[in-house]
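Thank you all for coming; I would like to take a few minutes to walk through one model with you. Please have the sequence and the structure open while I talk.

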Amino acid sequence: MKLLISLVFTFFGLTAFSQTQAIKMKHYSWNNPQHHFNEVLTENGKALLDSIILETGFDTLQCDRLNHDKIIDYTSRQILPTHSYKYLSYELYNGQLRKNIYQNFNGYDSCRKQQCILSFSTNYDNIAVVTFYIID
């Protein structure tokens, strides 16, 4: 009896099409010269970036762009908690806006230039995500 029930559940599990499909996204980084960041931004991406810049009041010309190798170092669990930083993520999914803002204060050194990480992800259909780190 247990074998019959197991076979029935296995059959329905394989044929019920309950599997989800991954959404293919393209990821572009502001500091990667091969990405041509301003050219790949969609209209939604531009609006999200403008919203982030308005939220932070930050001038992106006044920061150092981190290259890909340093991004991994600066966002690690060892480095990020020891620095002051602000993280913003604005997502537009099927016309719905979602904001995620996190800020950590750990002193401020006005002598050092701030480090910036800006990225844009999209599926060119209904999803656009802009994330921005400002690390002191």
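**Aromatic pairs, a disulfide and a few surface residues**

Let me begin with two tyrosines, Tyr-87 and Tyr-133, both of which are buried. Before I go on, please keep in mind that this is a predicted model. The centres of the two rings, those of Tyr-87 and Tyr-133, lie 4.8 Å apart and their planes meet at 50 degrees, so this pair counts as tilted. Tyr-87 sits in strand β3, residues 85-93, while Tyr-133 sits in strand β6, residues 127-135, so that the pair links parts of the chain that are 46 residues apart.

Staying with Tyr-87 for a moment, its relative accessible area is 18%, and because the limit for a buried residue is under 20%, Tyr-87 is placed in the buried class. Which residues does Tyr-87 contact, once its neighbours within four places in sequence are set aside? They are Asn-100, Ile-101 and Tyr-102 on the one hand, and Thr-131, Phe-132 and Tyr-133 on the other. For Ile-101, the C-alpha to C-alpha distance from Tyr-87 is 5.7 Å, with their positions 14 residues apart in sequence. Tyr-87 also belongs to an aromatic cluster, whose members are Tyr-85, Tyr-87, Tyr-102 and Tyr-133.

Let me step back to the chain as a whole. The protein chain has four helices and six strands, and these follow one another along the sequence as α-β-α-α-β-α-β-β-β-β. Of its 136 residues, 35% count as buried, and the accessible surface amounts to about 9800 Å², with 54% of that belonging to carbon and sulfur atoms. If we take the contacts in the chain with a separation of 6 or more, then 65% of them are between residues 24 or more positions apart.

Returning to the aromatic residues, the structure holds four aromatic pairs. One of these is formed by Tyr-28 and Phe-120, a stacked pair with 6.4 Å from centre to centre and 20 degrees between the planes. This pair, too, links distant parts of the chain, given that Tyr-28 is in strand β1 and Phe-120 is in strand β5, residues 114-122, with 92 residues separating them. As for burial, Tyr-28 has a relative accessible area of 13% and is buried, and Phe-120 is buried as well, with a value of 0%.

Strands β1 and β5 come up again with Lys-26, which is found in strand β1. Leaving out residues up to four places away in sequence, Lys-26 touches Phe-120, Ser-121, Thr-122 and Tyr-124. With Ser-121, the C-alpha to C-alpha distance from Lys-26 is 5.4 Å, although the two are 95 residues apart in sequence.

I turn now to the disulfide, of which the count comes to one. Which two cysteines form this disulfide? The partners are Cys-63 and Cys-116, with their sulfur atoms 2.1 Å apart. Since Cys-63 lies in strand β2, residues 63-65, and Cys-116 in strand β5, the pair ties together parts that are 53 residues apart in sequence. The torsion about the S-S bond is about -135 degrees, and the disulfide is therefore left-handed. Both Cys-63 and Cys-116 are buried.

Two residues deserve a look for their backbone angles. His-36, in the loop between β1 and α2, residues 37-40, has phi near 50 degrees, a positive value in a residue that is not glycine. Tyr-124, which we have already met as a contact of Lys-26, is placed in the loop between β5 and β6, and has phi near 60 degrees, again a positive value in a residue other than glycine. With regard to accessibility, His-36 is partly exposed at 45%, and Tyr-124 is partly exposed at 46%.

I would like to end at the surface, where Ile-23, Met-25 and Tyr-93 make up a nonpolar patch of about 280 Å². Where in the chain is Ile-23 placed? Ile-23 is in the loop between α1, residues 2-15, and β1, residues 26-29. Its relative accessible area is 45%, and because the class between buried and exposed runs from 20% to 50%, Ile-23 counts as partly exposed.

Terms used: Residues numbered from 1 in each chain as written. Predicted model: local features only at pLDDT ≥ 70, side-chain atom pairs only at ≥ 80, totals over all residues. Heavy atoms only, no water. Patch = residues over 30% accessible without salt bridge, like charges linked within 9 Å, V, L, I, M, F, W, Y side chains within 5 Å. Areas by Shrake-Rupley, 256 points an atom, 1.4 Å probe, with all protein chains shown as cover. Salt bridge = Lys/Arg side-chain N within 4 Å of Asp/Glu carboxyl O. Helix = DSSP H or I, 4+ residues; strand = E, 2+ residues; numbered from the N terminus. Buried < 20%, exposed > 50% of the residue type's maximum accessible area, 1.4 Å probe, protein only. Phe/Tyr/Trp six-rings, centres within 6.5 Å; stacked < 30°, edge-to-face > 60°. Contact = heavy atoms within 4.5 Å. Disulfide = S-S within 2.5 Å.
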